[in-house]
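User: I would like to learn how to read a two-chain model, feature by feature. Where should we begin?

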Number of protein chains: 2
Amino acid sequence: MSQDKSIVVIGCGASGGTAAQFARKTERKAKITVFEKGKYPQYSKCGLPYAVSGIIPDLNDLIEFSEEWFKKAGIDLFLKTIVEKIDPDKQIVIAKRNKSIIKKSYDSLIISTGANPFIPPIEGLSENNNLVEGVFSVRTIEDVENISYKLKKGKNAIIVGAGLIGLEMAENLIKKGLKIIIIEVLPQILYNTLDEDMAKLLYSTFSEKVDIILNHLVTRIERKNGKINQVFYKNKESGEEKKIKTDILIIATGCKSEVSLAKNAGCEIGKTGGIKVNEKCETNIKNIYAVGDCTEYFDFITKKPLTIGLGSIGVRQGIAAGTNAAGGAYQLPNGVLQTRTSEFFNMEIAAVGPTINNFDETDIVSGKFNGFSLPKYFPGGRPITIKVTANKKTGKIISAQAIGENAAQRINTFATAILGEMTIDDFRKLETAYAPPIAPTLDAVTLVCDIISKKINRK
Amino acid sequence: MSQDKSIVVIGCGASGGTAAQFARKTERKAKITVFEKGKYPQYSKCGLPYAVSGIIPDLNDLIEFSEEWFKKAGIDLFLKTIVEKIDPDKQIVIAKRNKSIIKKSYDSLIISTGANPFIPPIEGLSENNNLVEGVFSVRTIEDVENISYKLKKGKNAIIVGAGLIGLEMAENLIKKGLKIIIIEVLPQILYNTLDEDMAKLLYSTFSEKVDIILNHLVTRIERKNGKINQVFYKNKESGEEKKIKTDILIIATGCKSEVSLAKNAGCEIGKTGGIKVNEKCETNIKNIYAVGDCTEYFDFITKKPLTIGLGSIGVRQGIAAGTNAAGGAYQLPNGVLQTRTSEFFNMEIAAVGPTINNFDETDIVSGKFNGFSLPKYFPGGRPITIKVTANKKTGKIISAQAIGENAAQRINTFATAILGEMTIDDFRKLETAYAPPIAPTLDAVTLVCDIISKKINRK
C-alpha cells in the first residue's frame, strides 16, 4: 500500500487522545485525525472537582495535551466538530464544523464518544432538556465553569449521590466554604468502590464534616424565580418525605455511555449499554475500535460485563486501540481489575477487584487487618486498614480494599497479585520492603493474608 | 506423646524472637525456652541509627517485645545466658547464666545466633579483641549507648563503609550536629543495594551533605592518649596515602554470621559462611532449625547462596522455623527476593532482586524512567526514578530499583511480580490505582516496563 494509513478518532477525551498518541507512536507515517465536539483538547475529567476548590488553580491546567501538542505530533485535531455519521461500508466519517461538512475516510476508526451524566428522574430537574438554574452535573470543564460562577452566590449545596465524584465534590466545596448535604439512595457511601464495612470506616470520618443522608431518594425540586430553592427527598423504606432549602444542587449519580453513533454504524451494544469490545478494543465491525467510557468490557475475576468508568482503564484501552489501529499489536489482560483510589480529608482509600456484593458468600473468604504504616517504635506512623477477599476453593485473591496511609500503592501490590493470579498462600510470603522510617517488618498487606490463610485452611 | 513438646531457641533477636512467638501460635501446649546472651529481649537492630539522632527518643523504645510479653506468652526467656554447647544426639542444649549451668533438652531447636560486625583489617583498630576508644561498630543497643555517650564530646566522625548502615548513621549523626566523612573502598555507595547508575542519583544528593571518599581503603589509625586521633587511608589505585583527624570512627562494613555453636553441633556451613538452611529453615541436622543473620539461603532469581542480612527475611524465617518446629507446616518461597529500602534526607530508595553485577550483561535488559508521583497538573507531585531489569530470553522481571516518592511501596509491586514470576509484558499492562491527588493515570512502575518491552521486542 503506497498510501499512508488513515486513522480517525472520534472524541478527544483521555481515551481517544491516548489512542491518537499511540497510533502516532506506532506508525510515524499514518495520517491521524481526531474529531472532538467540545472546545478543549484532551483534559483530565478526574481533576475537575479539584478545580472547583482551587487546588488546581486554573481550569486550563487540566489540559494535558494542548492543540499545539497535537499539531507537533502531526495529529489533525478538529475541535467543536460533531461527527454525525459513520459509514462502515465506505469507511467514511461525516462530521460537521460550524456549517461545513467534513468527510473523512478511514482505514481504522476509533470511537471514543465517552459518556453523559446520568440524570435521575427527579421532578423539575430539567427544562427543555437542560438542567434548571442552580442544578449541575460534573462531567466537563464547562460544568465546573458554571458551578464556580454560582459559588460566589451560594452558601448551601446538596449533592445527589455518594459515589467517588459526589464525595470528591463534597470535600472540594467544603474547601470553598460551602455547607454540604449529600443524599444517597443506597444504604452506604461508595457502593461500587468499597464493601459496606470498609465504607463505614470512611463514613465515620466523612460524616463529621458533611451531612450524609443515606437510604433516601430525591424525588423533586422546587424553584423560586426560576432558580432551585427546595429539594424534596423521601425515606426509601418508610416513604416519609422531607424537604430542604439549597442554593445549588449537584447531580453525581454516575454516567451512561454515549453510543448513538456506534449503534447507528452497527456496532454491537452490550447489556450494560456500552459498545462491546474485546481485548484488542475491536468492536464487531471491521476496522472499528472503541475505547473508554462508551465501551463495555468485562471484569477480570467475574468475567461479567461492565461499562468502563475509570480513566485509568480508558487510557489503557487507548494504548491498545491506538497501537492496533496503526498496525501494531497490543492485547489487554483478560478483563479489567478496576483498580481505583481517591482521598478525602487526608484519608486515602483504594481498592481493586469487585466488591463482595458480586459474589456468593459461600464462595469467598475475607479478612481484615488494622495495621500501621511504620514500626510501632518509630514516630509518625499512620493507621492502615486492609480487607482482602479470596476464592475459598482456589485460594486466589479476588479483591482488596484499603483505607489509610499509602492505600493506593498498597492496593497496587494486590492488583499485581490478581493479575498474576496469585493465591493468598503465595502472596502472604511476599518479602515487603522494610526500614523503620518507611514500613514495618511485616506489612499489613501480608498480615491480612495470614488471617485469610488460616480461615481457608480451617474450613 | 503424653509430654508436651520442648522447643528451644538460641538468640532473641528479631528472627529468634519471632520463631518463639510462632512456635507458641502454632502449639499452645509446647514448652518454649529462649536463651539470649544480651541483656535485652527482642529489639529492632534496624532502628539503632535513629536512636543515635534521637528520632527514636529512648533506646528502650526499640524493644519490640518485652520480658513481660514473653512471660504472658508462656515463653521462658533467659537473658544474659550464653549457650555453650548443643548436643544433637542427646538433643540437649547446655547454657551458662552467671555461674550456674542450665541443661535443657529439646524436641526442636532453633538457632538464631545472628552475626557479628565484620571488623576490617585496619591497623590499630582493636586491642585485646576490643575496639579502641572512639571506635565503634553499630550492631547492638550497647553500641549506640557507647556512641551516644561519646557524641557529647566529639565533633567529627569518620564512617568506614557506604552501605545502608553507614549512610543511615551518617544522616543521623549529621542531625546530632556532627561533621561526617564516609570512606568507602568500592567505587560506589550502596554497592549491594543499587546499581551504579541508580546509586549515583542518591550520591549527588548525599554528597551535598556528607563528604564521601570512594575507592579508598582505611589502612590504620593512630591514637593520642589512648583515644583515636588520626585515620590513614589510601587510594586503591594510586596507593597514595592521606590522613585525617577525627573524634570518632564508626565501622559499618557489614557482618559475618555467628555459627560456632552450630558448626560444633555438626550443622553444615555454606560457602558464604552461614548455616545452610532449606525452605523450611531446617539445617542438615535432625530437629535443628536455623534462622536470621547466621544462616545461608539463596536468591530467588539467581539461586546463588547468600547469607541473610535483612531483618525482613530473618523475621519470615522465624515464622517458618517457629511454625515448623512446633509441628505446623510453613514453607518459604524458593529463594529470597531481597526487597530492601531506606530513606536519606527525605529521599526514599528501594530495590528488589540482585543488582546487575550479578548477571552477564548479554542475558538481561534494563530500562529506566524518570516519572512523577502525581499528574503534572496536580500540585505537590514529587519525582520518582525507577529502573527495572528483565531476563532477555524469558522476559521475566528480575530486579527493580526506585528512588523517590513512595519508592518502597512501588518496589513492593515489583516484588509481587517477581514472586509471581511475571513477565515485563504482563506487568506493564497492570492497572495501577489512579486519582489526581494520589497517582498519575500511568504510573512510572508500568511506564518503565514499556521501555524494556520495546527493547526486548526489538532484539
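Analyst: We go from the whole chain to the interface, then to single residues and one helix. Keep in mind that this is a predicted model.

User: How compact is chain A, and how many helices and strands does chain A have?

Analyst: Count the elements, then compare the radius of gyration with the globule rule. Chain A has 11 helices and 28 strands. Its radius of gyration is 23 Å, close to the 23 Å that the rule gives for 459 residues, so chain A is as compact as a globular protein of that length. Along the principal axes, the C-alpha atoms of chain A fill a box of roughly 65 × 60 × 40 Å.

User: What share of chain A is buried?

Analyst: Here burial is a count of neighbours: 20 or more other C-beta atoms within 10 Å make a residue buried. In chain A, 52% of the 459 residues pass that test. Sequence separation adds another view. Take contacts in chain A between residues at least 6 apart in sequence: 63% of them join residues at least 24 apart.

User: Which domains does the assignment give for chain A?

Analyst: Watch for domains built from more than one segment. Domain 1 of chain A covers 6-116 + 256-325, domain 2 covers 119-253, and domain 3 covers 340-458. The centres of domain 1 and domain 3 of chain A are 34 Å apart. Their contact takes 5 residues from domain 1 and 6 residues from domain 3. On the domain 1 side there are 3 nonpolar, 1 polar and 1 charged residues.

User: Now the interface. How many residues of each chain take part?

Analyst: The size of an interface is often given as the accessible area lost when the parts come together. Here we count residues instead: 57 of chain B are in contact with 57 of chain A. On the chain B side, the elements giving two or more residues are helix H8 (311-325), strand E24 (340-344), strand E25 (347-352) and helix H9 (407-419). H9(B) provides the largest share, 10 residues. By class, the chain B side has 32 nonpolar, 15 polar and 10 charged residues.

User: What rotation superposes chain B on chain A?

Analyst: Look at the angle, the shift and the RMSD together. The rotation is 180°, with 0.0 Å of shift along its axis and an RMSD of 0.0 Å. That is the relation of a two-fold axis. The same surface serves both copies, as 100% of the contact residues of chain B recur in chain A. Of the residues of chain B, B:Thr413 comes closest to the axis, at 2.2 Å (C-alpha).

User: Which non-glycine residues with positive phi should I inspect, and are they buried or exposed?

Analyst: Read the angle, then the location, then the surroundings. B:Cys281 has a positive phi of about 70°. B:Cys281 lies in the loop between strand E20 (275-276) and strand E21 (288-290) of chain B. It is buried, with 32 other C-beta atoms within 10 Å. B:Glu421 has a positive phi of about 50°. B:Glu421 sits in the loop between H9 and helix H10 (424-427) of chain B. It is partly exposed, with 14 other C-beta atoms within 10 Å.

User: Last one: how do I check a helix, say H1 of chain B?

Analyst: Compare expected and actual span. At 1.5 Å a residue, the 13 residues of H1(B) (residues 14-26) should span 18 Å; the end C-alpha atoms are 18 Å apart, which agrees. Then check cover. H1(B) is mostly covered, with 10 of its 13 residues buried. Among them are B:Ala14, B:Gly17 and B:Phe22. The buried residues of H1(B) pack against strands E1 (6-10), E2 (31-35), E3 (75-78) and E7 (108-111), and against H8, of chain B.

Terms used:
Residues numbered from 1 in each chain as written. Chains lettered and ligands numbered in written order. Predicted model: local features only at pLDDT ≥ 70, side-chain atom pairs only at ≥ 80, totals over all residues. Domains from an automatic or database assignment. Contact = placed C-beta atoms within 7 Å. Nonpolar A, V, L, I, M, F, W, Y, C, P; charged D, E, K, R; others polar. Helix = DSSP H or I, 4+ residues; strand = E, 2+ residues; numbered from the N terminus. Rg over C-alpha atoms; globule rule 2.2 N^0.38 Å. Buried ≥ 20, exposed ≤ 12 C-beta atoms within 10 Å, placed from the backbone. Least-squares fit on C-alpha atoms with pLDDT ≥ 70 in both. Expected span 1.5 Å × (residues − 1).
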